[in-house]
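Below is a short briefing on one model. It covers a helix, a nonpolar core and the surroundings of a ligand.

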Amino acid sequence: METALVTGAARGIGRGIVERLAADGYRVIALDRRDDVHDLAHIAETIVADVQDRAAIAAIMERFAPLDVIVNNAGITSTHRFEDLTEQDFRDNFDVNTVGTFIVAQEGARRMRNGGRIVNIASRSFAGAPQMAHYVASKTAVVGLTRAMAIDLSPRDIRVNAVAPGVVDTDMLHYMTPERQQVMLSLQLLGRIGQPEDIARAVAFLASSENRYITGQVLIVDGGRSLGQGQLPPEPSPYN
Ligand SMILES: NC(=O)c1ccc[n+]([C@@H]2O[C@H](COP(=O)([O-])OP(=O)(O)OC[C@H]3O[C@@H](n4cnc5c(N)ncnc54)[C@H](O)[C@@H]3O)[C@@H](O)[C@H]2O)c1
């Protein structure tokens, strides 16, 4: 049985990933800084810890080594006009989203079997998003980290990829105003917001041993939003 560790597991996308990997037969370690991660105790070994706490993360990795899969999903966000964004907001997003991913990936890689897989949860917003410069920059850094790790860990056949979700139905979305959520929905090519299991499916593939030859890639899972297109009314073109 392979061992998979998922961060930010208590709710939302992380929870969906834990449920999927448990159903796929992994021994799953579900880690979150929130106590209610223990609600997953029926399908995973649950741990309360902060991804920024290197000593705690190293001890957890030591306890569950050797690992086969790591999913770096823990993340934070907020929205601010660029003019109002504080340096603290900016640093906080980097500390959790980027440095937290680095710490977990590094401590995990040190104790991972050769042939392991790492999946980092980035965001479609690495391509840009309004009022989120701190978040966008931190997730773009996750993409860069993914590509660099894929190179550095390739001698050990460890495949490192990122999944970049579009808008997903979690608390991270619900904190936004209804008006903003409506704009988000209007941009969805497939006409619906993503569900955590939509992201979990993509993660499950990249994390699996079926993924033999994909590394350093970013899989955008956004229902087509990144194509930047809507539907036009069907009408014959007189041109030609
Ligand atoms: N929901 C979306 O629309 C969306 C879109 C693109 C990317 N994402 C990314 O997907 C990931 C999950 O997002 P979500 O929507 O499920 O968010 P969420 O807020 O519902 O869940 C995030 C989880 O991460 C945990 N967490 C936060 N900081 C942590 C830390 N320092 N240490 C340990 N755990 C910590 C939280 O406690 C929470 O349980 C995040 O990385 C997010 O940036 C989400």
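Helix 4 (residues 133-152) has 20 residues and spans 28 Å from first to last C-alpha, close to the 28 Å expected at 1.5 Å a residue (1.5 Å times one less than the number of residues). Helices here are DSSP runs of H or I with at least four residues, strands are runs of E with at least two, and both are numbered from the N terminus. The model is predicted: local features need pLDDT of at least 70 and side-chain atom pairs pLDDT 80 or more, while totals for chains, interfaces and linings use all residues. Residue numbers start from 1 along each chain as its sequence is written.

**Helix 4**
- His 134, Tyr 135, Ser 138, Lys 139, Val 142, Leu 145, Thr 146 and Met 149 are buried (20 or more other C-beta atoms within 10 Å of the residue's own, against 12 or fewer for exposed; C-beta atoms are placed from the backbone).
- Seen down the helix axis, the buried residues of helix 4 fall within an arc of 125 degrees, so they line one face (the arc is that of directions from the axis to the C-beta atoms).
- Ala 148 and Ile 151 are exposed on the other side.
- The buried residues pack against helix 3, strand 5 (112-121), strand 6 (159-165) and strand 7 (218-221) (contact: C-beta atoms within 7 Å).

**Nonpolar core**
- The largest core has 55 residues, and Val 6, Ala 30 and Val 203 have the most contacts inside it (a core joins buried Ala, Val, Leu, Ile, Met, Phe, Trp, Tyr and Cys through C-beta atoms within 7 Å).
- Helix 7 (residues 196-207) gives the most to this core, six residues.

**Ligand shell**
- Of the 29 residues around the ligand, Gly 8, Gly 12, Gly 75, Thr 170 and Met 172 come nearest (C-beta atom within 6 Å).

Key:
Contact = placed C-beta atoms within 7 Å.
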